[in-house]
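User: I would like a close look at one part of this predicted model. Please treat that part in detail and then set out its surroundings.

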Protein chains: 2
Amino acid sequence: MTTQSTGILYLLPVSLGECDLTRVLPKYNFEIINSLSYFIAENAKDCRAFLKQCSYPEISRAELSLINQHSNKDELLSYLQPLLKGENIGLMSDAGCPGIADPGADVIKLAHQKGIKVVPLVGPSSIVLSIMASGFNGQNFAFVGYLPIEKIEKAKRIKELEQLCVKNKQAQFFIETPYRNGSVFEELLKTLQPTTQLLVATHITLDDESIEVKPISAWKKISPPNFSKKPTVFGIYF
Amino acid sequence: MTTQSTGILYLLPVSLGECDLTRVLPKYNFEIINSLSYFIAENAKDCRAFLKQCSYPEISRAELSLINQHSNKDELLSYLQPLLKGENIGLMSDAGCPGIADPGADVIKLAHQKGIKVVPLVGPSSIVLSIMASGFNGQNFAFVGYLPIEKIEKAKRIKELEQLCVKNKQAQFFIETPYRNGSVFEELLKTLQPTTQLLVATHITLDDESIEVKPISAWKKISPPNFSKKPTVFGIYF
């Protein structure tokens, strides 16, 4: 049980690219952000730019701790110290929601182990918005992260995910490093059944947002989407 | 491809219970909601109450179409007619995000088939906020809906989900009809390994929000959570 004297670890979503923050974050988030003195983030420059956009009062006085996928447990534990002294901390992702496809999950895990209260705030997640917009099975879906890079392994994994869709009636979503979007898309067209539905969701919540769902047979008849290194979520279902 | 003359199907999240909407919805959502004349929702009374809370100008003039899990394709197609005439429509869930664990997915699917632009707006989803707050594997997770009601089937499914956690390194999330939360919780304690981590997230975003993650062995040592018919998300990981 959380004792009253420990602080709260707030999970602070950030925008998915350059946009007016009032498009993607509730007013409450700004109130919480501006009440905090301690932040855990992936990148100091991005974190300060975000705080500035939130009209954070004195950015130079914000205490930032930086994490990445190599941060070890001792380091993360030291970042949580202010919580044990009753201070609240805001955990931010690089883009989107902390704890979803980002290294924040390790911090959250430790917080639970220490009995610290974790409060997630509402915000944009390209994965979640893609799941909503897909029209696939909202009662059963999986996000499986990245596909293997190697071509044969990638094709094998795509087949496996297609089988999971059919066998478990579970829609499958995944992402790719943006410069590889084109090659993943090609592999999907080559590997999937003509009737399998493919979602391609690009630059979600940004001005050039594009969300398209079509069977593979229809995707094959048109020019491929203009990925040009834009963050993209892929999803498949039957 | 979407032609310029068709409208947009906006996916409008709603709050997860009684709360100040500025806690969970961005300002942009209110702008969109107040610009719409057509809505698709599960319940007319809830929909109108929500519009009122959004300061929607003339609620009596809002055109509502109602859906449930038995709505057939022809009915849903007729609801989409205004889109084909260039009008925008807002699709709402009962609680949370349309398309996630609600009947809205069928409407969205049809919209894609008709080449209609689908735009998901940011808002609260108890499932997504639970995934964020779990600290489990944010790179690989599944939401699998409801567990079987029958006791032996339920235990079997719980075992199966625990095995998926370990085998695929995939965190598993599920929900239950609120009055069954207590019996699912009991079955989880009975069936899962002592070291398996269990998330219990209740009344997310509401004033009595509670999010706890503990190994089964620790849950067994304390009194069960006070579910009292509160909507709850469960999650497991190792």
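Which residues in helix 7 of chain B meet which residues in helix 8 of chain B?

Analyst: In this predicted model, helix 7 of chain B contributes B:K154, B:A155, B:I158 and B:K159 to the contact, and these meet B:E187, B:L188 and B:T191 of helix 8 of chain B. By character, the residues of this contact comprise three nonpolar, one polar and three charged. Helix 7 of chain B spans residues 151-168 and helix 8 of chain B residues 181-191; their axes lie 10 Å apart, and the two pack at an angle of about 55°. Because that angle falls between the limits of 35 and 65 degrees, helix 7 of chain B is oblique to helix 8 of chain B. The crossing of these two helices is right-handed.

Another helix of chain B is involved with a sheet in chain A. That sheet is open and consists of five strands of chain A with parallel pairing, arranged in the order 3-2-4-1-5. Strand 3 (63-66) and strand 5 (117-120) of chain A form its edges, each pairing on one side only. From one strand to the next, the twist averages 25°. Within the sheet, strand 2 (residues 38-41) and strand 4 (residues 89-92) of chain A are joined in the parallel sense by three bridges, and A:F39 stands opposite A:G90 of strand 4 of chain A. Helix 6 of chain B (residues 126-134) packs on this sheet, where it touches strand 1 (8-12) and strand 5 of chain A. The direction of helix 6 of chain B makes about 140° with that of strand 5 of chain A.

How values were computed:
Residues are numbered from 1 along each chain as its sequence is written. Chains are lettered from A and ligands numbered from 1 in the order in which they are written. This is a predicted model: local features need pLDDT of at least 70, side-chain atom pairs count only at pLDDT 80 or more; totals for chains, interfaces and linings use all residues. Two strands pair if DSSP finds at least two bridges between them. Helices (H or I, at least four residues) and strands (E, at least two) are DSSP runs, numbered from the N terminus. Axes are lines fitted to C-alpha atoms, for helices over the stretch in contact, and angles run from 0 to 180 degrees between N-to-C directions. Two residues are in contact if their C-beta atoms, placed from the backbone, lie within 7 Å. Angles under 35 degrees count as roughly parallel, over 145 as roughly antiparallel, 65 to 115 as roughly perpendicular and the rest as oblique. A crossing is left-handed if the near helix is turned anticlockwise from the far one by less than a right angle, and right-handed if clockwise. Ala, Val, Leu, Ile, Met, Phe, Trp, Tyr, Cys and Pro count as nonpolar, Asp, Glu, Lys and Arg as charged, and the others, Gly among them, as polar.
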